[in-house]
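Open the model in a viewer and keep the sequence panel beside it. The stops below are meant to be selected in turn.

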Amino acid sequence: MPIENEELRKGWRALAKFLGISERKARMMKPELTGCGAVFFMRLGRKRHKTLCWFPSEIKKFCRLKGAKGEVI
């Protein structure tokens, strides 16, 4: 659940910059990120166009959970 008044962020490039990794590595993490609910997709514009959306608090929670397991991003 995102924090109140938290701004929704969009895009793989912004997510990669937030995590401090390359955009390619962020895209490779798609199954893991969507599986735990850290990111979601919204349909914007054309019929087949989906945009990655995420909240910083959810990404931080995901990183904490990975760190607790001893995994590295």
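Strands here are DSSP runs of at least two residues and helices are runs of at least four, both numbered from the N terminus. The model is predicted.

**Stop 1: Thr-51 and its surroundings**

Select strand E3, residues 50-54, and pick out Thr-51 within the strand. Is Thr-51 buried or exposed? Its relative accessible area is 15%, and because the limit for buried is under 20%, Thr-51 counts as buried. Now display what surrounds this residue. Beyond the neighbours within four places in sequence, Thr-51 is in contact with Lys-10, Phe-40, Phe-41, Met-42 and Leu-44.

Next, select Gly-11, in the loop that runs between strand E1 (9-10) and helix H1 (12-19). Draw a distance from its C-alpha to that of Thr-51: the value is 6.5 Å, for two residues 40 apart along the chain. With neighbours within four places in sequence again set aside, the contacts of Gly-11 are Leu-52 and Trp-54.

**Stop 2: a nonpolar surface patch**

Go back to the contacts of Thr-51 and keep three of them, including Met-42. Phe-40, Met-42 and Leu-44 make up a nonpolar patch on the surface, and their accessible area together is about 210 Å². Met-42 belongs to strand E2, residues 39-43. Its relative accessibility is 31%, which makes Met-42 partly exposed.

**Stop 3: a positive surface patch**

Select Lys-30, Arg-43, Lys-47, Arg-48 and Lys-50 together; these residues form a positive patch on the surface. One of them, Lys-30, is in helix H3, residues 30-35. Lys-30 is partly exposed, at 36% relative accessibility.

**Stop 4: salt bridges**

How many salt bridges does a search of the whole structure find? The count is 5, and the pairs below are among them.

Start with Arg-27 and Glu-23, whose side chains form a salt bridge with an N to O distance of 3.3 Å. Both residues are in helix H2 (residues 23-28), and because they are 4 residues apart, about one helical turn separates them. Each partner is partly exposed: Arg-27 has a relative accessibility of 45%, and Glu-23 has 27%.

Move to Lys-66 and Glu-32, a salt bridge in which the closest N and O atoms are 2.8 Å apart. Lys-66 is in helix H4 (residues 56-68) and Glu-32 is in helix H3, so this pair ties together parts 34 residues apart in sequence. Lys-66 is buried, at 9% relative accessibility, whereas Glu-32 is partly exposed, at 35%.

Stay on helix H4 and select Lys-61 and Glu-58, which lie there 3 residues apart, about one turn of the helix. They form a salt bridge as well, with 3.6 Å between the closest N and O atoms. Which of the two is buried, Lys-61 or Glu-58? Lys-61 is partly exposed, with a relative accessible area of 38%; Glu-58 is buried, at 11%.

For the last selection, take Arg-13, Glu-23 and Arg-27 together: salt bridges with shared partners join them into one network. The bridge between Arg-27 and Glu-23 has already been visited above.

Terms used. Residues numbered from 1 in each chain as written. Predicted model: local features only at pLDDT ≥ 70, side-chain atom pairs only at ≥ 80, totals over all residues. Heavy atoms only, no water. Buried < 20%, exposed > 50% of the residue type's maximum accessible area, 1.4 Å probe, protein only. Contact = heavy atoms within 4.5 Å. Patch = residues over 30% accessible without salt bridge, like charges linked within 9 Å, V, L, I, M, F, W, Y side chains within 5 Å. Areas by Shrake-Rupley, 256 points an atom, 1.4 Å probe, with all protein chains shown as cover. Salt bridge = Lys/Arg side-chain N within 4 Å of Asp/Glu carboxyl O. Lys, Arg positive; Asp, Glu negative; His and termini not counted. Charge placed at Lys NZ, Arg CZ, Asp CG, Glu CD.
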